[in-house]
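Visitor: I would like a close look at one part of this protein: its salt bridges. Please walk me through them, then set them beside the strands and the surface around them.

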Amino acid sequence: MTFFARTVRTVVIAGTVATSGVAAATLASTALSTGVNAQSASSIVVQGNRRIEADTVRSYFSTGPGEPLSAARVDEGIKAMYATGLFRDVRVSRQGGRLVVTVVENDVINRVVFEGNRRLKTEQLINEIESRPRGTFSRSTVQSDVQRLYDVYRRTGRYDVEIVPKTIQQPNGRMDLVFEINEGKKASVRSINFVGNNNFGRQRLLDVMTTGETGLFSWLRSNDVYDADRINADQEALRRLYLRNGYVDMRVVSARSDFDRAANAFTITIEIEEGPQYRIGTVDVQSNIRDVDGATLRRAVRTSTGGVYNVELVDKSLEDVTLEVARRGYAFATVRPRGERDPSTLTVNLVYVVEEGPRVYVERINIRGNTRTQDRVVRREFDMAEGDAYNRVLVDRAERRLKNLGFFKNVKITTEPGSAADRVIVNVDVEDQPTGQFSISGGFSTSDGFIAEASVEERNFLGRGQFVRLGGTFGQRTQGLNFSFTEPYLLDYRLSGGFDLFWRHSNVSNYQAYASTSYGGTLRLGVPITENFAIQGRYTGMMQKITLRQDLTNCFSGYNDALNQYTLPDGSVQNFKAGDPRIPAGSVNNGPLYNVGGVPSLTNPGGAVAFTCLDDGEASSALRAIDGRNRFISMLGYSLIYSNLDRSINPSQGLFAELRQDVAGVGGDAKFIRTTGELRYYHDLTNDWIFMLRGQAGNIFGWGPTKPNGGKLDSIDQFFMGPELVRGFQTAGIGPRDFATTAFQSGRLADAVGGTSYWGASAEVTFPITFLPKDFGMRGALYADAGAVWGYNSVTGLGNLPVNLTDPASGRNSSDHVVRSSVGVGLLWNSPFGPIRFDYSFVLTKAQWDRTQFFRFSGGTRF
């Protein structure tokens, strides 16, 4: 048989049941009304049964001892038989004074087959339906199965799917059940519209939603596929955004999805009622526990009078107060917020109420649905274990942590009663999702040239929650390999441990006169102090070597006569200083070279000065002092990190601060203490205009003995700063320079030798480009930078080549404190190939020896 259209199948199935029921009831009534009544169910004759015993059929008509079989009882029996799903037809008739029940059994399903399913696997579909091989065929069950399959496909965004169930008859009362599926195309989200959003722009609201719009780069994304569950989650994300910013009356009035069947696309309209913004009025902690003073718990509260109401700070205050009370011995205490809104002053008066909760213990924590992630990875996110006091605040905290891991597609924590009244079972239902990533990146920057990167990483290695990454960089001027491993729960404590291995090489460029090679490793240990504050310790050991170009190192301290031209044994001609040990044996000295209008000449036209090695642009002694030397750097360091950013990528609100200090000299060839710090503050001004204020500073000083060539630091350990401090300047374009070896005839500029201190400040506003579709991912930027690099504590000279920090043009010392500043405009493109940024800067103040670069471009790709 074949089921036709879904509506027709539904009508046929319903009609079959109703007709048979009425007929059976009518026949039963007729048979019994004639006076030929069966005395008991055991006297009923059963016909047509093949697999089901006759006594089983009679049991549906059973009566009490001595009780006659009434028409109502027969009617109930027929309905009960249909309800089992074992019978396709049941008829009651009278034959020779006996009641005869004739049945037609449903066939047994031999196998269930899906045809046409390319996007969803058969294993996934078979788990969604109730019809099973070796089970009894039922039209109503198949109808329900079809509906479930429709729901599964709709969750994947396929709304024009067609599903037709068919049966193929087999011998011995068996049949094959076949679901013919035409999956169709995914229904896209054509547009997302907002109504009533006056305080947040459309772009800002779209940023917090996981659902996206169909656009130019949809082929690289999947979030533009319509998913009703995702839309519901997006509504909650919008509500949380408003509650974080003081809009306590905000509600989503409606979220309407209009489907255009012709275009196979949805238009989503979300109507919002924002309400006014509230600030926090009074804040108090009220303790109803006799031995706990509420005033002593105030330091655990994160909300403060006058601040904008933030639901996340309220939630974190609940957690902190709960933990503090538990530390004082009240594990069953509950903390709940009580807020009183005052519309006249637009304030919310908060009271955190602490009470003794019911003494309920955690009997068991069940982890379900994790096919890859190990149970212990889930359990360690709980601040309670089996046998501990149950606390709902800590459960909510664990749920938030599990969601933030990024290991699971869905996380849901529920409870059920335990084996006793004071026991509760906690059920954690999760669904694993892919956590590995292979990426290929490529791009160009004005400092590193063309660059490509390939990497493979896994955030949940072997289901243990460990992070592993292997990457390689291959560029025009830089190359490198790196490997990282991180264990977020070292020895099952909330400590993160890991190590990094690296190899890096950079070539000579317009920004540096030397090639550099370094390789080594770092050991890391992180200790979270609070949700927002952490300390990280580290040890780094690495080998480093720099190599100067040959033409920049041909001055030797033992001689200083003019350059001579030599004919080498192979017939080539090359210029050397007399006595240069690199002159090949058998070379012929053609005589000294003279400077004739900047051109080398073997003849002196009169008055010309012989070329010296300085005339071809010698490298600074600060660099030559370590040329070709292998340096081993061994250093211990730590970082203090604070962050309450609303999101780690493209933040719009919050503060990030980091202080780093490294001490080199735990063995090795370098002895210094380097301290750096950075602070970034973000604030959403209005309608997705984001203000960012950044400050940074650093200092390095040597603590070992003065080196033979002067100073306590090697030059390359000092700070070389450029556009990362003040945009508008080249890489290493700011700071002290050595003018001693600058030869104007060679065209080389003075080498950067680094500074011992720096500071920088930046203010930037980024804003949406409203006339471009969101799918373009473009934002504009206006910025202003200021900063300085100064100080010098490295080589003072090498042989006959002293370090001269005084600019001959201005007469100023290049290691002095000079403020550089600039303003500019930028274009930020969050392209499908990765973030790309264009900056054009206007330098306001600079030193005469600085190197400027008005336009800067950097970017890359990941796919």
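Guide: What follows starts with the salt bridges and then turns to strands, loops and a surface patch. Keep in mind that this is a predicted model.

Start with the total. The count comes to 53 salt bridges. Three pairs deserve a closer look.

Take Glu236 and Arg239 to begin with. Their side chains meet in a salt bridge, at 2.8 Å from N to O. Both sit in helix H7, which spans residues 228-244. They are three residues apart there, so about one helical turn separates them. How accessible is each partner? Glu236 is partly exposed, because its relative accessible area of 35% lies between the cut-offs of 20% and 50%. Arg239 is also partly exposed, with a relative accessible area of 33%.

Now move to Arg401 and Asp383. This salt bridge has an N to O distance of 3.2 Å. Arg401 belongs to helix H10 (residues 392-405), while Asp383 lies in the loop between helix H9 (375-379) and H10. The pair therefore ties together parts that are 18 residues apart in sequence. Buried or exposed, where does Arg401 fall? Arg401 is buried, at 11% relative accessible area. Asp383 is partly exposed, at 32%.

This pair also has company. Arg401 and Asp383 belong to a network of salt bridges. The other members are Glu319, Arg397, Arg400 and Arg494.

The third pair is Arg524 with Asp500. Their closest N and O atoms are 2.8 Å apart. Here both partners come from strands: Arg524 from S21 (residues 514-528) and Asp500 from S20 (residues 496-506). The salt bridge thus ties together parts that are 24 residues apart in sequence. Arg524 is buried, with a relative accessible area of 17%.

Next, an acidic residue with a backbone contact. Glu105 is part of strand S3. Its side chain reaches the backbone nitrogen of Ile52 at 3.1 Å. Glu105 is buried, with a relative accessible area of 2%. That value falls under the 20% cut-off, so the label follows directly.

Strand S3 is worth following further. Which strands does S3 join? Strand S1 (residues 45-47) runs parallel to S3 (residues 98-105), and three bridges join them. One point of reference is Gln47, whose bridge partner in S3 is Thr102. Strand S2 (residues 87-95) runs antiparallel to S3, with eight bridges between them. There, Ser93 has Val100 of S3 as its bridge partner. S3 thus pairs with a parallel strand, S1, and with an antiparallel strand, S2.

Another set of strands lies further along the chain. Three strands form an open sheet in the order S24-S23-S25, and their pairing is antiparallel. Strands S24 (573-577) and S25 (588-592) stand at the edges. Each has a single partner strand, so one side of each is left without a neighbour in the sheet. On average, neighbouring strands of this sheet are turned by 35° against each other, direction ignored. Five bridges join S23 (residues 563-567) to S24. Across that pairing, Leu563 stands opposite Lys577.

Two loop residues call for a check of the backbone. Most residues other than glycine have a negative phi. Arg134 has a positive phi of about 70°, although it is not a glycine. Arg134 sits in the loop between helix H4 (122-126) and helix H5 (139-155). At 70% relative accessibility, Arg134 counts as exposed. Ala732 has a positive phi as well, near 60°. Its loop runs between strand S31 (689-702) and strand S32 (737-738). What is the status of Ala732, buried or exposed? Ala732 is buried, with a relative accessible area of 9%.

Finish at the surface. A nonpolar patch of about 730 Å² is made by Leu782, Val823, Val825, Tyr840, Phe842, Leu844, Phe854 and Phe855. Strands S38 (820-831) and S39 (834-845) each supply at least two of its residues. Which strand gives the most to the patch? That is S39, with three residues. Phe842 has its place in S39. Phe842 is partly exposed, with a relative accessible area of 45%.

Terms used: Residues are numbered from 1 along each chain as its sequence is written. This is a predicted model: local features need pLDDT of at least 70, side-chain atom pairs count only at pLDDT 80 or more; totals for chains, interfaces and linings use all residues. Side-chain values use heavy atoms; hydrogens and water are left out. Patches are made of residues with over 30% relative accessible area and no salt bridge: like charges are joined within 9 Å, nonpolar side chains (Val, Leu, Ile, Met, Phe, Trp, Tyr) within 5 Å. Accessible areas come from the Shrake-Rupley method with a 1.4 Å probe; for residues, only the protein chains shown count as cover. A salt bridge is a side-chain nitrogen of Lys or Arg within 4 Å of a carboxyl oxygen of Asp or Glu. Helices (H or I, at least four residues) and strands (E, at least two) are DSSP runs, numbered from the N terminus. Buried means under 20% relative accessible area, exposed over 50%, partly exposed in between (1.4 Å probe, protein chains only). Two strands pair if DSSP finds at least two bridges between them. Axes are lines fitted to C-alpha atoms, for helices over the stretch in contact, and angles run from 0 to 180 degrees between N-to-C directions. A polar contact is a pair of N or O atoms within 3.5 Å; within protein, one must be able to donate a hydrogen and the other to accept it, and residues adjacent in sequence count only if both atoms are side-chain atoms.
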